[in-house]
Structure formats: structure tokens, C-alpha cells
Amino acid sequence: MPYNHILSRKWNIKLPLWTLVSPIIGACFLAFAGAELSGWMAALLGVSLISVVLAAVHHAEVVAHKVGEPYGTLILALAITVIEVSLIVSMMLSKDGAGSTTLARDTVFAAIMLINTGIIGICLLWGSYLHKEQIYIKQGVSAALVTLTAISVLTLVLPNFTTTTPGPVYSSSQLIFVAIISLVLYGGFVSVQTVRHRDYFLPEESEGDYHAAPPTHLTTAISLVTLVVSLAIVVLLSKKLSPTIEGIVMDLGAPKSLVGVIIAAVILMPEGLAAIRAARKNRLQTSLNLALGSALASIGLTIPAVALVSIIAGFDVTLGIDTKSTLLLLLSLFTISISFNAGRTNIQQGVVLLVILATYLFTTIVP
């Protein structure tokens with residue numbers, strides 16, 4: 001695919017021009033957008049949001065190529081999660097009423113379902129369609145899944161069964177405890193991924209086509225700065241568009257939880273596209289590092305941040321999901337655990353996960 005490169009013989013900088021221009025255009029649209037968005041301005045902001053997301057994907061891949069696995073995927077997962085936390089907290093603090101108390105739960109649950117069944121499902125379907133079977137390292141995937149299962153149940157299911165505070169909420173002490181163990185679980189996984197068992201998350205030598213020379217230090221630095229700026233603009237654009245999205249959801253008569261699904265989909269778009277592109281290039285291990293790492297970062301860092309803000313601001317946060325959502329969550333975790341028990345993937349596993357995704361989305365709109 002031809003690109004217009006910025007070339008400097010002295011500094012050896014090679015980056016597609018559009019990846020540097022898109023965030024600037026997005027910032028300009030934000031500067032000129034008024035408090036009330038017209039239809040055409042909302043459309044322009046939506047198109048700009050997609051272009052900035054694609055730019056973020058490119059710069060994330062540049063950084064990942066430079067630092068190698070698993071650090072590259074970890075950087076992107078942490079960056080996405082920081083953006084998610086910032087967006088959720090800012091929307092919670094700017095809202096009044098009960099709707100804000102469920103925003104964190106809806107967004108985190110949506111992120112887990114979209115990753116487990118959507119991103120991974122597309123990766124398995126497309127990757128298996130192109131390459132028939134794809135391999136990965138079972139130990140690394142197992143470590144991620146066992147951590148994800150524990151942290152998901154403790155944060156999203158257990159609140160429905162505690163009795164100190166009525167309803168699907170934790171008391172202040174319980175919320176602090178869950179925030180701490182979430183950080184412990186995520187911190188333990190990161191330690192395993194990057195230090196103690198780093199080889200469990202490294203792609204096989206036969207995986208992919210990483211024969212191209214790594215980018216220069218200056219190119220990597222520019223990409224890293226532009227990645228952070230792009231993700232920040234994604235947050236601002238998403239927040240600007242959120243009233244329009246909420247209005248559309250209300251006009252359709254859909255549940256408010258659909259807003260969390262849309263927010264999660266926008267936030268996960270950079271990482272999702274990067275994971276799908278890696279699967280297309282037969283680098284499934286990289287795809288799984290991105291997807292599962294993002295799911296763990298999303299819940300392991302978002303819940304403690306939301307807990308801290310709720311305690312300081314003095315309002316309750318509803319974390320417990322309903323019975324239907326609990327069933328779909330457990331089904332997705334069970335299915336994905338079975339899928340990655342064989343050491344090789346096939347197209348049927350992707351089909352099953354995408355069917356579960358379709359069921360989740362349909363029952364969200366038509367509960």
C-alpha cells in the first residue's frame with residue numbers, strides 16, 4: 001500500500017504523513033465545535049475520530065516493533081486503559097443522577113465481552129481462514145485467562161451476593177479491598193508477562209514478517225508522542241460525541257447500557273485493529289497479547305480508579321451485573337478457555353465466539 005512518507009536524509013524519519021496530520025485535524029475540529037453539535041459537525045467529528053484511531057494504531061505498531069514483545073503490546077494496553085479511565089471518570093463526574101453509577105460497570109463489562117468474543121473471535125476466524133491453523137504459547141494464554149476469570153468474577157459478579165450493602169454494590173471497605181486485589185492480580189500478571197515468564201508471551205520465530213529493520217530512536221519517539229496525543233484526542237472526541245450517542249440511544253428506545261458498549265467499542269478500536277492485523281499476518285501470539293492484556297488492564301486498572309474517585313466524591317458505584325450478563329460473561333470465559341486448550345486454533349472457534357458476541361449485542365438492545 002503506497003504511503004506518502006516524511007523522509008529526512010539527516011534524521012532518517014519515516015512516517016506516513018496522514019498519521020501525523022489526522023490528530024491535528026481532530027484537534028482543530030474540537031476547537032471549532034460548539035457546545036451543541038449539528039448533524040454535519042457530528043458526522044465530521046465521527047470521521048475524524050476514526051482517522052485518529054487508525055493513526056494511533058499505526059504509531060502503536062511502530063513503538064511495538066521498536067521495543068519488541070511483550071513490551072510493545074503492554075504499552076498499547078496501558079495507554080488504552082489510561083484513556084478509558086479518564087473518559088469514564090470525566091463522564092461520571094460531569095453527570096448527575098443514577099445513570100453515572102453504572103457507567104463504569106457497563107463500559108468495563110462491554111470491554112471484556114467485546115475483547116473475549118469480538119476481537120479474539122475475529123482474529124481466530126480471519127487468521128484461521130487465511131492460515132487454516134494458528135499456534136500460540138499455551139502457558140501465556142493460560143496465565144492471562146486464569147487472571148481474567150478471577151478478576152472478572154470478583155469485580156462484576158460477587159457484588160450481587162454480598163450483604164453488607166443492599167443491591168449490586170460494594171460497601172466502602174469492600175470496594176477498597178476489591179480495588180487492592182485487582183491491582184495485585186494485574187500487577188502479578190504484568191510481572192509474569194515481562195519478567196519471570198517473559199518467554200511465554202514471545203511470538204514464535206516463524207510467526208509473522210518482522211524482517212524489516214526496526215525504526216530509529218527519533219522515529220519511535222515521534223510515534224510515541226503522537227500515540228499519546230492521538231489517544232487523548234480520541235477521548236476528547238468521544239466525550240464530545242457522547243451526548244449525541246446518548247440521544248440516538250434514547251431515541252431508539254434502547255437501554256442505557258448500550259452507551260457503555262459504544263464507548264468501549266470506540267476505546268478498544270485501536271487495539272482491536274492492531275490485534276486483527278497481527279492475526280492476518282499469522283502472528284496470533286501478538287494478537288492474544290494485545291487482546292487479553294487489554295482486557296486485564298481494562299478491568300484491573302479501571303475498577304481501582306473508579307473506586308478511588310467514588311470514595312473521594314462520595315457516591316455509590318454499581319458494579320454487579322445482572323443474571324443475563326453474568327451468564328454471558330461465564331459462557332464467554334468458559335468458551336475461550338476451551339478454545340485455547342488445544343495449542344492450535346481453527347475457524348470454528350472464531351465462529352462460536354462471534355455468535356456469543358452477536359447474542360450479547362442483541363440481548364443488550366432487546367433485553
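# Exercises on loops, rings and cores

Asn282 sits in the loop between helix H8 (257–280) and H9. That's our starting point in this predicted model.

**Exercise 1. Work out what sets the backbone of Asn282 apart, and say how accessible the residue is.**

Solution. Start with the usual case: most residues other than glycine have a negative phi. Now look at Asn282, which has a positive phi of about 65° despite not being a glycine. For accessibility, the cut-offs are under 20% for buried and over 50% for exposed. Asn282 comes out at 26%, so it counts as partly exposed.

**Exercise 2. Do the same for Lys132: find its place, its phi and its exposure class.**

Solution. First, the place: Lys132 is in the loop between H4 and E3. Next, the backbone: its phi is near 65°, again a positive value in a residue other than glycine. Last, the surface: the relative accessible area of Lys132 is 70%, so this residue is exposed.

**Exercise 3. Find the aromatic pairs, classify each one, and say which parts of the chain they tie together.**

Solution. Searching the whole structure turns up 2 aromatic pairs. Take Phe109 and Tyr360: their rings are 5.5 Å apart centre to centre, with 90° between the planes. Planes over 60 degrees apart count as edge-to-face, so that is the class of this pair. Now place the partners: Phe109 belongs to helix H4 (residues 103–131) and Tyr360 to helix H11 (residues 347–365), so the pair ties together parts 251 residues apart in sequence. Both Phe109 and Tyr360 are buried.

On to Tyr136 and Phe340. Their ring centres are 5.2 Å apart and their planes lie at 90°, so this pair is edge-to-face too. Tyr136 is in the loop between strand E3 (134–135) and H5, while Phe340 is in the loop between helix H10 (323–339) and strand E4 (344–345), so here the parts tied together are 204 residues apart in sequence. Tyr136 and Phe340 are both buried.

**Exercise 4. Describe the largest nonpolar core, then look at what Ile120 touches.**

Solution. It helps to recall that nonpolar side chains tend to be buried together in soluble globular proteins. In this model the largest nonpolar core has 82 residues, and the ones with the most contacts inside it are Ile120, Phe340 and Tyr360. H4 gives the largest share of this core, 14 residues. Zoom in on Ile120: leaving aside residues up to four places away in sequence, it touches Ile115, Leu288, Ala291, Leu292, Ile336, Phe340 and Leu353. There's also a second, separate core of 13 residues, with Val53, Ile233, Leu237 and Val266 among them.

**Exercise 5. Find the second largest cavity, then sort its lining by element and by class.**

Solution. The idea is simple: rolling a probe the size of a water molecule over the atoms shows where empty space is left. Over the whole structure, the search gives 3 cavities of 30 Å³ or more. The second largest of them holds about 50 Å³ of space. Its lining is made up of Gly140, Val141, Ala144, Phe189, Gln193, Phe201, Gln285, Leu288, Asn289, Leu292 and Gly293. Sort by element: helix H5 (138–157), helix H6 (172–196) and helix H9 (284–313) each give two or more residues to this lining. The largest share, 5 residues, is from H9. Sort by class: the lining has 6 nonpolar residues, 5 polar ones and no charged ones.

**Exercise 6. In the loop between H9 and H10, are Asp316 and Ile321 buried or exposed?**

Solution. Both residues can be placed in this loop, Asp316 as well as Ile321. Asp316 has a relative accessible area of 56%, so it is exposed. Ile321 has 4% relative accessibility, so it counts as buried. Now check the surroundings of Ile321: not counting residues up to four places away in sequence, it touches Arg105, Phe109, Leu156, Val157, Asn160, Thr326 and Leu329.

**Exercise 7. Set separation along the chain beside separation in space for Asp316 and for Ala313.**

Solution. Asp316 and Val169 are 147 residues apart along the chain, and their C-alpha atoms are separated by 7.4 Å. Then take Ala313, which lies in helix H9 and is partly exposed at a relative accessible area of 43%. Ala313 and Gly68 are 245 residues apart along the chain, with 40 Å between their C-alpha atoms.

Technical notes:
Residues numbered from 1 in each chain as written. Predicted model: local features only at pLDDT ≥ 70, side-chain atom pairs only at ≥ 80, totals over all residues. Heavy atoms only, no water. 1 Å grid on protein atoms, 1.4 Å probe; cavity = no way out; pocket = protein on both sides within 12 Å on 5 of 7 lines; lining within 4 Å. Points joined across faces, edges and corners; volume = space filled by probe spheres on them. Helix = DSSP H or I, 4+ residues; strand = E, 2+ residues; numbered from the N terminus. Nonpolar A, V, L, I, M, F, W, Y, C, P; charged D, E, K, R; others polar. Phe/Tyr/Trp six-rings, centres within 6.5 Å; stacked < 30°, edge-to-face > 60°. Buried < 20%, exposed > 50% of the residue type's maximum accessible area, 1.4 Å probe, protein only. Core = buried A, V, L, I, M, F, W, Y, C linked by side-chain atoms within 4.5 Å. Contact = heavy atoms within 4.5 Å.
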